[in-house]
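Open the model in your viewer and keep the selection box at hand. The tour goes stop by stop.

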Amino acid sequence: MTRFFTLIPAAGSGSRMDSELPKQYLLLNDNPMIYHSINTLYHNKLITSIFVVLAPDDCNWIKHDWSQFSDKLIVLNCGGTTRAESVLNGLTIAKQRNLVDNNDWILVHDAARPCLTTAQLDGLISELTHDEVGGLLAVPVSDTLKRSNIRNLVMHTEPRENLWQAQTPQMFRYELLFKALQNAGKLHITDDASAIEALGLHPKLILSDAYNFKVTYPKDLALAELIIHQRNNP
Ligand code: C5P
């Protein structure tokens, strides 16, 4: 039987947010940012468990009440120094505890993408369940792209045909994802699909939209808040 698990790497410090508090804990509509990702993943009936990978010294998680998700939530305090390391550590521990099998699908989702919708999640799973490799949510680039030098002078314009912005969740089978992340080792990858690509494979891009953006800078927080507020008050 095909099983689906999600893994949320949440061990980052969010240095670009200008905040002492790691960004996954910043309040968005009265709940920490990560709550919104967990909430969407939790309500998908196909998803068996949600692994949340925290920094070993995380002291913020326990300040909140997660009991409404307790039948699916598994917290792993094994975050690493990079996102890829946090994901790999989480996968390693989940396997050591016999919680996952090689053939299970793993959906890796950033804690900092609180606006993921149920429809996007359903679409990703239904498009990829029978796929050989797996894939990710993404949006075609719509702006004109400029390549600069270090002084911000335009060197040239990049053609945007066939260029996409990668989002999460990114969905791969356990065995392949684990092997890819181990193999990626010292490569500076910023998503899981890059590790799969480094094996010579071609993840599938599943059309998403700009609402599933990653909260990175302080101004992003207000936008995410607005989107979630409108969704909750149609
Ligand atoms: O910093 P960035 O926005 O790229 O982080 C993407 C996701 O990876 C976030 O959910 C963040 O908490 C997580 N991360 C992690 N371990 C790190 C760095 C980032 O789990 N060392």
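Start with Cys115. At 1% relative accessibility this residue is buried. Buried means under 20% relative accessible area, exposed means over 50%, and partly exposed lies in between (1.4 Å probe, protein chains only).

Before moving on, note the ground rules. This is a predicted model, with residues numbered from 1 along each chain as its sequence is written; local features need pLDDT of at least 70, side-chain atom pairs count only at pLDDT 80 or more, and totals for chains, interfaces and linings use all residues. Side-chain values use heavy atoms, with hydrogens and water left out.

**Cysteines**

Now select Cys59. It is partly exposed, at 47% relative accessibility. The closest cysteine sulfur belongs to Cys78, and the gap is 17 Å, so a bond is ruled out by distance. How many disulfides does the structure hold? The count is 0. A disulfide here is a pair of cysteine sulfur atoms within 2.5 Å.

**Strands β1, β4 and β5**

Select residues 47–54, which form strand β4. Helices (H or I, at least four residues) and strands (E, at least two) are DSSP runs, numbered from the N terminus. Is β4 mostly covered or uncovered? Mostly covered: 7 of its 8 residues are buried.

Add residues 4–10, strand β1. β1 and β4 run parallel, joined by 7 bridges. Strands pair if DSSP finds at least two bridges between them. To see one position, pick Ala10, which stands opposite Leu54 in β4.

Then add residues 73–76, strand β5. β5 also pairs with β4, in the parallel sense, over 4 bridges. Pick Val52 and look across to its bridge partner in β5, Val75.

**The largest pocket**

Next, show the pockets. Rolling a probe the size of a water molecule over the atoms shows where empty space is left. The search uses a 1 Å grid over the protein atoms alone; a pocket is an open set of points where a 1.4 Å probe fits, with protein on both sides within 12 Å along at least five of seven lines, and lining residues have an atom within 4 Å of a point.

The largest pocket holds about 780 Å³ of space. Which residues are closest to its centre? Select Arg16, Lys23, Arg83, Asp110 and Lys214, out of 28 that line the pocket. Volume is the space filled by probe spheres set on the points, with grid points joined across faces, edges and corners.

Colour the lining by element. β1, α2 (83–96) and β10 (164–173) each supply at least two residues. β10 gives the largest share, 4 residues. Now colour by class: 7 are nonpolar, 14 polar and 7 charged. Ala, Val, Leu, Ile, Met, Phe, Trp, Tyr, Cys and Pro count as nonpolar, Asp, Glu, Lys and Arg as charged, and the others, Gly among them, as polar.

**The second largest pocket**

This one has a volume of about 270 Å³. Its lining includes Thr82, Glu85, Leu88, Lys186 and His188. Two or more lining residues come from each of α2 and α4 (174–184). The largest share, 3 residues, is from α2. By class, the lining has 6 nonpolar, 3 polar and 2 charged residues.

**The β9–β10 loop**

Go to the loop between β9 (154–158) and β10, and select Leu163. At 34% relative accessibility, Leu163 is partly exposed. Beyond its neighbours within four places in sequence, Leu163 is in contact (heavy atoms within 4.5 Å) with Val139, Pro140, Val141 and Leu145.

In the same loop, find Asn162. Its phi is near 65°, a positive value in a residue other than glycine. Asn162 is exposed, at 74% relative accessibility.

**Backbone stops**

Select Asn98, in the loop between α2 and β6 (105–108). Phi of Asn98 is near 60°, again positive in a residue other than glycine. Asn98 is exposed, with a relative accessible area of 70%.

Now display the peptide bond from Thr168 to Pro169. That bond is cis, with omega near 5°. Pro169 lies in strand β10.

**Last stop: Asp192**

Select Asp192, in helix α5 (residues 192–197). Is Asp192 buried or exposed? Buried, at 0% relative accessibility. Apart from neighbours within four places in sequence, its contacts are Arg83, Val87, Val108, Gln170, Phe172 and Leu177.
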